[in-house]
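Grab your viewer and work through a few short exercises on packing, rings and charges. Try each task yourself before reading the solution.

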Amino acid sequence: MIESNKKTYYIWGEFSHTDFTLLKKLHQRVNDLFNGPDFIVHLTLSGPFYDLDEATIGGIEDLAVTNKKIEMTTNGYGIEDNIFQSFYVQIQKSSELINLKGRLDDLLSITPKDFNPHISLFYGNIRQTLKQEVISKLDTPPEVITLDRISIVEIVDDVESWEVLYTYPLIQKLNAKLTLGRPV
């Protein structure tokens, strides 16, 4: 990445502890083979945006406490000739996931783009044949992954400098009591 010192922010979806642990093991295995950078496994939901003020933070927090956890179905592995989508777990688009992304994009005034939901396991340039070889040696990813929180992430320079600033849990199930104020 080109060093810029310009702060940008993204919204990530993060996973239940069990799913995170399984995905982290896959990430470490692929990274060990390809010597890639270490990063937190995540699903990018929205961004970039450039202003992080109190209204934005509050809006994202409010959105989290009014949105249910999402059970996402995987579609195996995907590979591309794109550094940030080089090797990943494919996620099926669902109405719940598309709705969450749309609400975030609206809140952040981001023009919607083509959405390819995925969980990167490696960033970098590696020959497609090597990626295919690794896929044949990996266990299949979990069939269902639970997205149970959203995070605001600050991105300044390289992957190692990415920092999760705020994390908000998604709710287990909608409950009328939650509309009376933020949960404690």
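The exercises below all concern this predicted model.

**Exercise 1. Find which residues touch the most other members of the largest nonpolar core, then look at what surrounds F87.**

Step 1: The largest nonpolar core has 38 residues, and those touching the most other members are I11, L43, L45, M72, F87, I119 and I150.

Step 2: Leave out residues up to four places away in sequence, and F87 still touches a list that includes V30, F34, Y77, I79, L121, F122, V134 and L138.

Step 3: Don't stop there, as another core lies apart from the one with F87; it has seven residues, among them W12, Y123, V153 and W162.

**Exercise 2. Classify the ring pair Y77 and F87, and say which strands it ties together.**

Step 1: A search of the whole structure turns up ten aromatic pairs.

Step 2: For Y77 and F87, the ring centres are 5.9 Å apart and the planes meet at 50°. Stacked needs under 30 degrees and edge-to-face needs over 60, so this pair is tilted.

Step 3: Y77 sits in strand β3 (residues 70-79) and F87 in strand β4 (residues 87-91), so the pair ties together parts that are ten residues apart in sequence.

Step 4: Check burial against the cut-off of under 20% relative accessible area. Y77 comes in at 13%, so Y77 is buried; F87 is at 0%, so F87 is buried too.

Step 5: For rings elsewhere, look at W12, F39, F84, Y123 and W162, which ring pairs link into a cluster.

**Exercise 3. Work out how β4 is paired, and whether it is largely enclosed or open.**

Step 1: β3 and β4 pair antiparallel over four bridges, and T74 has I91 of β4 as its bridge partner.

Step 2: Four bridges also join β4 to strand β5 (residues 118-122), again running antiparallel. Here F87 has F122 of β5 as its bridge partner.

Step 3: Four of the five residues of β4 are buried, so β4 is largely enclosed by the rest of the structure.

**Exercise 4. Which residues of helix α2 are buried, and what covers them?**

Step 1: Helix α2 spans residues 54-64, and its buried residues are T56, I57, G58, G59, I60, L63 and A64.

Step 2: The cover over those buried residues includes the strands β1 (8-15), β2 (43-49), β6 (144-155) and β7 (163-169), plus helix α3 (95-107).

**Exercise 5. Go through the salt bridges of D38, D105 and R149, and sort the partners by burial.**

Step 1: The model has six salt bridges.

Step 2: D38 meets K24 at 2.9 Å, N to O. D38 is in the loop between α1 (17-34) and β2, while K24 is in helix α1, so the pair ties together parts 14 residues apart in sequence. D38 is partly exposed at 47%, whereas K24 is buried at 16%.

Step 3: D105 pairs with K101, with the closest N and O atoms 3.0 Å apart. These two sit four residues apart in helix α3, about one turn. D105 is buried at 2%, and K101 is buried at 13%. K101 also lies over the face of F115, 5.2 Å from the ring centre.

Step 4: R149 and D148 meet at 2.8 Å, N to O. R149 is partly exposed at 24%, while D148 is buried at 14%. Shared partners join E14, D148 and R149 into one salt-bridge network.

Technical notes:
Residues numbered from 1 in each chain as written. Predicted model: local features only at pLDDT ≥ 70, side-chain atom pairs only at ≥ 80, totals over all residues. Heavy atoms only, no water. Core = buried A, V, L, I, M, F, W, Y, C linked by side-chain atoms within 4.5 Å. Buried < 20%, exposed > 50% of the residue type's maximum accessible area, 1.4 Å probe, protein only. Contact = heavy atoms within 4.5 Å. Phe/Tyr/Trp six-rings, centres within 6.5 Å; stacked < 30°, edge-to-face > 60°. Lys NZ or Arg CZ within 6 Å of the ring centre and 35° of its normal. Pairing = 2+ DSSP bridges. Salt bridge = Lys/Arg side-chain N within 4 Å of Asp/Glu carboxyl O.
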